[in-house]
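This report looks at how two helices meet, and then turns to a further helix and one of its residues.

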Amino acid sequence: MSDAVIVHRHESIVELRLNRPKAYNALDYDLLELFLSHLREPAFDEDVRGVVISGEGKAFCAGGDLRWSSDQPTSVPGALHKLAGCFHQCVLEIRRMPKPVIAAIDGVAAGGGFSLALACDFRVMSESASLMQAYTSSGLSMDGSGTYALPRLVGLAKALEIAAFDEPISAQKALEWGLVTKTAPPGRALEEALLLAGQMAQKALHSFGWSKRLLTDSYHTPFEMQMELERKGIADCAAHPDGQEGVRAFLERRKPEFGRR
């Protein structure tokens, strides 16, 4: 079996590490298929309370592997169409996972790596790392949900600027623009991401899952339907053990203890 994605277990947190360091963790089809299979497991594992995505070596992810696309027997457009399809399934798994997904960005996150990071719920970025949209510099348009996430994080005007000029984005700029959740000293993005995941593991994850779904879908759900989904969500959360514990703790004026079965 390919080792293009390595799975590490940190107690209740699963780390999925992209492992093509010689190619700066570029996304070819084999890696994406393996990544997709590993992404599908944590959603239904009750012992997993968070996922961290990292990269082996000097990069988080350099994006889609254009060398792989060029070497395919079909046309480059056909190869990219196939690659994007699998990549988009990975993004859907991240956005639909009812648990927090955190990107630990050390080194460069460019092209598909940029989009992959933006698809995560939170991003911890090394102060020595950089983000780069990269698609337009190769004459391509963004994929991997980048055109969905980017304007929602930074606004349309800034998103167009990033797409048009494609300048490297430092960790400080990324933090100022709202592209990342926090920065970390060089080489410590993974450590800080695991700490953040550990903090989230103490929260009411059923509530987080509903909040993630509602907020993600709110951009295209009609107003009345959104409120109906909110009503369904709050009732479902109240019936869950975490919701029951949260209400009891509020009434008893104590700190809730979530995650107990």
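A crossing of two helices is called left-handed if the near helix is turned anticlockwise from the far one by less than a right angle, and right-handed if it is turned clockwise. In this structure, which is a predicted model, the crossing of α4 and α5 is left-handed. Helix α4 covers residues 112-119 and helix α5 covers residues 146-154, and the two pack at an angle of about 60 degrees with their axes 9 Å apart. An angle of about 60 degrees is neither under 35 degrees nor within the range of 65 to 115, and α4 and α5 are therefore oblique to each other.

The residues that make this contact are listed by helix below.

| Helix | Residues in the contact |
|---|---|
| α4 | Phe114, Ser115, Leu118 |
| α5 | Gly146, Ala149, Leu150, Leu153 |

Of the residues in the contact of α4 with α5, five are nonpolar and two are polar, while no charged residue takes part.

Helix α9 is made up of 13 residues, 205-217, which at 1.5 Å a residue should span 18 Å, and its end C-alpha atoms are indeed 18 Å apart, so the expected span and the modelled one agree. The buried residues of α9 are Leu205, Phe208, Gly209, Trp210, Lys212, Leu214, Thr216 and Asp217. Ser211 also lies in helix α9, but Ser211 counts as partly exposed because its relative accessibility is 34%, a value between the limits of 20% and 50%. The C-alpha atom of Ser211 is separated by 25 Å from that of Phe35, a residue 176 residues apart from Ser211 along the chain.

Conventions:
Residues numbered from 1 in each chain as written. Predicted model: local features only at pLDDT ≥ 70, side-chain atom pairs only at ≥ 80, totals over all residues. Heavy atoms only, no water. Helix = DSSP H or I, 4+ residues; strand = E, 2+ residues; numbered from the N terminus. Expected span 1.5 Å × (residues − 1). Buried < 20%, exposed > 50% of the residue type's maximum accessible area, 1.4 Å probe, protein only. Axes fitted to C-alpha atoms, helices over the stretch in contact; angles between N-to-C directions. Parallel < 35°, antiparallel > 145°, perpendicular 65-115°, else oblique. Contact = heavy atoms within 4.5 Å. Nonpolar A, V, L, I, M, F, W, Y, C, P; charged D, E, K, R; others polar.
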